[in-house]
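Colleague: I am new to this structure and would like a close look at one part of it. Please take one strand and follow its contacts outward from there.

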Amino acid sequence: MTDESRKARLIMALRHQGIRDQRVLEAMESIPRDMFVPGPFQDHAWDDMALPISCGQTISQPYIVAYMTEQLELKPTHRVLEIGTGSGYQAAILSRLARRVYTIERHRSLLEEARKRFEALGLTNIESRIGDGYRGWPEAAPFDRIIVTAAAPRPPKALLDQLAEDGIMIIPVDAGPLYQELVKIRRTPEGFERETLIPVRFVPMLHGIARKSRSDDERK
Ligand code: SAH
């Protein structure tokens with residue numbers, strides 16, 4: 001099977017699973033996921049599954065990327081904050097649908113790899129930095145949209161503070177020892193409205209910046 005037919009099969013599967021937003025499907029079609037997947041897993045780059053990347057982390061399952069992106073209700077004028085750059089795949093998808101993407105990663109080596117991919121693909125509207133996502137990116141706040149791609153015990157206060165009015169945040173929140181639920185938070189003039197979406201499994205959102213020597217054994 002060629003990459004093109006694998007890709008077509010994936011896009012069809014996403015449609016069947018209920019992804020309706022044509023712009024999201026087009027973005028998924030235009031970003032080559034194989035560029036974000038490590039060599040040994042190339043054969044699975046267009047399968048609907050999460051795959052391992054370095055530092056004990058994962059690139060999310062395409063369905064989850066598409067679903068979270070759809071739930072963000074993005075407009076071309078939006079400025080979006082992502083926590084957990086990882087491979088850079090989710091940020092690349094966002095960059096096709098929003099004006100500017102800010103993405104934070106706590107592993108330096110992952111961020112450096114992701115930056116090379118953004119450059120190779122000519123995605124110039126992504127700003128990325130090393131940092132602790134629990135603190136957000138205060139200098140660039142407020143954000144129209146915030147997407148967290150690691151699981152937290154609860155939505156971090158700094159991120160809620162950095163969400164613009166009418167803003168939406170999508171975040172996996174711990175719901176048991178092994179899984180989380182995806183939560184959608186909307187900021188209104190009165191406060192925050194919270195809606196529970198679907199059960200998901202993400203790597204944990206950890207505190208602080210990863211130390212080089214420990215970066216490979218942080219799978220918790
Ligand atoms: N969005 C990624 C998936 C990343 S997996 C992709 O498309 O490939 C989650 C990522 O969150 C990991 O790379 C992990 O290192 C990072 N992470 C975990 N806690 C973090 C924190 N507090 N701040 C920033 N990044 C964090």
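Modeller: Four bridges connect strand 6 with strand 7 (residues 163-174), and the two run parallel. Strand 6 is the part followed here, in what is a predicted model. Within this pairing, Ile 147 is placed opposite Ile 170 of strand 7. Strand 6 also pairs with strand 3 (residues 79-83), again in the parallel sense and over four bridges. In that pairing, Ile 146 of strand 6 is the bridge partner of Leu 81. Strand 6 covers residues 143-148, and five of its six residues are buried, so the rest of the structure largely encloses it. In general, the side chains of a regular strand point alternately to one face of the sheet and the other.

Next come the aromatic rings. The structure has four aromatic pairs. One of them is made by Tyr 102 and Phe 143, whose ring centres are 5.5 Å apart; the planes meet at 65°, so this pair counts as edge-to-face. The cut-off behind that label is a plane angle over 60 degrees. Phe 143 belongs to strand 6 and Tyr 102 to strand 4 (residues 100-105), so the ring pair ties together parts 41 residues apart in sequence. Tyr 102 and Phe 143 are both buried. Trp 137 joins them, as ring pairs link Tyr 102, Trp 137 and Phe 143 into a cluster.

Trp 137 leads on to a charged residue. Arg 129 lies over the face of Trp 137, and its distance from the ring centre is 4.5 Å. Arg 129 also forms a salt bridge with Glu 139, where the closest N and O atoms are 3.0 Å apart. Arg 129 sits in strand 5 (126-130) and Glu 139 in the loop between strand 5 and strand 6, so the salt bridge ties together parts ten residues apart in sequence. The two partners differ in exposure: Glu 139 has 60% relative accessibility and counts as exposed, while Arg 129 has 24% and counts as partly exposed. A second arginine placed over a ring is Arg 33, which lies over the face of Tyr 89 at 5.7 Å from the ring centre.

The salt bridge of Arg 129 has counterparts elsewhere, as the structure holds eight salt bridges. In general terms, side chains of opposite charge can pair when their charged atoms come close. Two further salt bridges share Glu 73. In one, the side chains of Lys 184 and Glu 73 meet at 2.7 Å, N to O. Lys 184 lies in strand 8 (residues 180-188), and Glu 73 in the loop between helix 3 (62-71) and strand 3, so this pair ties together parts 111 residues apart in sequence. Strand 3 is also one of the partners of strand 6. In the other salt bridge, Glu 73 meets the side chain of Arg 186 at 3.1 Å, N to O. Arg 186 is in strand 8, and its pairing with Glu 73 in the loop between helix 3 and strand 3 links distant parts of the chain, 113 residues apart. Glu 73, Lys 184 and Arg 186 are thus linked in a network of salt bridges. Within this network, Lys 184 is buried, at a relative accessible area of 7%. Arg 186 is partly exposed at 30%, and Glu 73 is partly exposed at 35%.

A charged residue without such a partner is Arg 117, found in helix 5 (residues 108-120). Arg 117 is buried but has no salt bridge, and the nearest side chain of opposite charge, that of Glu 113, is 4.3 Å away. A salt bridge would need a nitrogen within 4 Å of a carboxyl oxygen. Leaving aside residues up to four places away in sequence, Arg 117 touches Met 35, Phe 36 and Ser 87.

Last, Ala 50 brings back Arg 33. Ala 50 is in the loop between helix 2 (22-30) and strand 1 (51-52), and at 42% relative accessibility it counts as partly exposed. Not counting residues up to four places away in sequence, Ala 50 touches Arg 33, Ile 59, Ser 60 and Gln 61. The C-alpha atoms of Ala 50 and Val 37 are separated by 9.9 Å, and these residues are 13 apart along the chain.

Conventions: Residues numbered from 1 in each chain as written. Predicted model: local features only at pLDDT ≥ 70, side-chain atom pairs only at ≥ 80, totals over all residues. Heavy atoms only, no water. Buried < 20%, exposed > 50% of the residue type's maximum accessible area, 1.4 Å probe, protein only. Lys, Arg positive; Asp, Glu negative; His and termini not counted. Contact = heavy atoms within 4.5 Å. Pairing = 2+ DSSP bridges. Phe/Tyr/Trp six-rings, centres within 6.5 Å; stacked < 30°, edge-to-face > 60°. Lys NZ or Arg CZ within 6 Å of the ring centre and 35° of its normal.
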